[in-house]
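The report below examines how the helical segments of one chain are arranged and which residues bring them together. Please read it with the sequence and the model at hand.

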Amino acid sequence: MTQCAQSPRHRAGARAALVARVTAAVAGGFAMAVLTSMATLALPWSRVDAVLGGTMLGILMHAAIVVWVFAARTALRAWVGMVVLALPLLCAAWYAQVQG
């Protein structure tokens, strides 16, 4: 089947997958950056070092998530990978808040 002869249903599916990936890259990347930043507060660093280090790691995490989302085989796999990565970060962020 040629590129021009694709059905409208297939094009709609491709658009939906692209929207899912862009949403994962933007919203998921931001959420992972925030979780990374909060998780660094659980490290045995001074508060200033933890905040600055967390900010820098959060920026790197966002860039890595954008690359991961568009390198994953499917949008679902990208979302699942982010959820799996978010669990330990969420636990560390929770621990940092409890130790406060």
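Not counting residues up to four places away in sequence, Ala42 touches Ala92, Tyr95 and Ala96 in this predicted model. Ala42 lies in the loop between H1 and H2, and with a relative accessible area of 28% it is partly exposed. Its C-alpha atom is 6.7 Å from that of Ala93, although 51 residues separate Ala42 and Ala93 in sequence.

A second residue with contacts far along the chain is Met32, which belongs to helix H1. Met32 has a relative accessible area of 3%, and because buried means under 20%, Met32 counts as buried. Leaving aside neighbours within four places in sequence, Met32 is in contact with Met61, Ile65, Met82, Leu85, Ala86 and Leu89. One of these partners, Met82, is 50 residues from Met32 in sequence, yet the two C-alpha atoms are 7.8 Å apart in space.

The helix pairs can be set side by side.

| Pair | Angle | Distance between axes |
|---|---|---|
| H1 (residues 8–39) and H2 (residues 47–71) | about 160° | 8 Å |
| H2 and H3 (residues 75–99) | about 150° | 9 Å |

Helices H1 and H2 pack at an angle of about 160°, which makes H1 roughly antiparallel to H2, since angles over 145 degrees are classed in this way. The crossing of H1 and H2 is right-handed, and by class their contact has 14 nonpolar, 8 polar and 1 charged residues.

Helices H2 and H3, which pack at an angle of about 150°, are therefore also described as roughly antiparallel to each other. On the H2 side this contact is made by Met61, Ile65, Trp68 and Val69, while H3 contributes Arg77, Ala78, Gly81, Met82, Leu85 and Leu89. Sorted by class, the contact of H2 with H3 has 8 nonpolar, 1 polar and 1 charged residues.

Helix H2 takes part in both pairings, and its own geometry can be checked against expectation. At 1.5 Å a residue, the 25 residues of H2 should span 36 Å, and the end C-alpha atoms of H2 are 35 Å apart, which agrees. Which residues of H2 are buried? They are Ala50, Gly53, Gly54, Gly58, Met61, Ile65 and Val69, and what covers them includes H1 and H3. Among these buried residues are Met61 and Ile65, both of which are in contact with Met32 and also help to form the contact of H2 with H3.

Methods
Residues are numbered from 1 along each chain as its sequence is written. This is a predicted model: local features need pLDDT of at least 70, side-chain atom pairs count only at pLDDT 80 or more; totals for chains, interfaces and linings use all residues. Side-chain values use heavy atoms; hydrogens and water are left out. Axes are lines fitted to C-alpha atoms, for helices over the stretch in contact, and angles run from 0 to 180 degrees between N-to-C directions. Helices (H or I, at least four residues) and strands (E, at least two) are DSSP runs, numbered from the N terminus. Angles under 35 degrees count as roughly parallel, over 145 as roughly antiparallel, 65 to 115 as roughly perpendicular and the rest as oblique. A crossing is left-handed if the near helix is turned anticlockwise from the far one by less than a right angle, and right-handed if clockwise. Ala, Val, Leu, Ile, Met, Phe, Trp, Tyr, Cys and Pro count as nonpolar, Asp, Glu, Lys and Arg as charged, and the others, Gly among them, as polar. Contact means heavy atoms within 4.5 Å. The expected span of a helix is 1.5 Å times one less than its number of residues. Buried means under 20% relative accessible area, exposed over 50%, partly exposed in between (1.4 Å probe, protein chains only).
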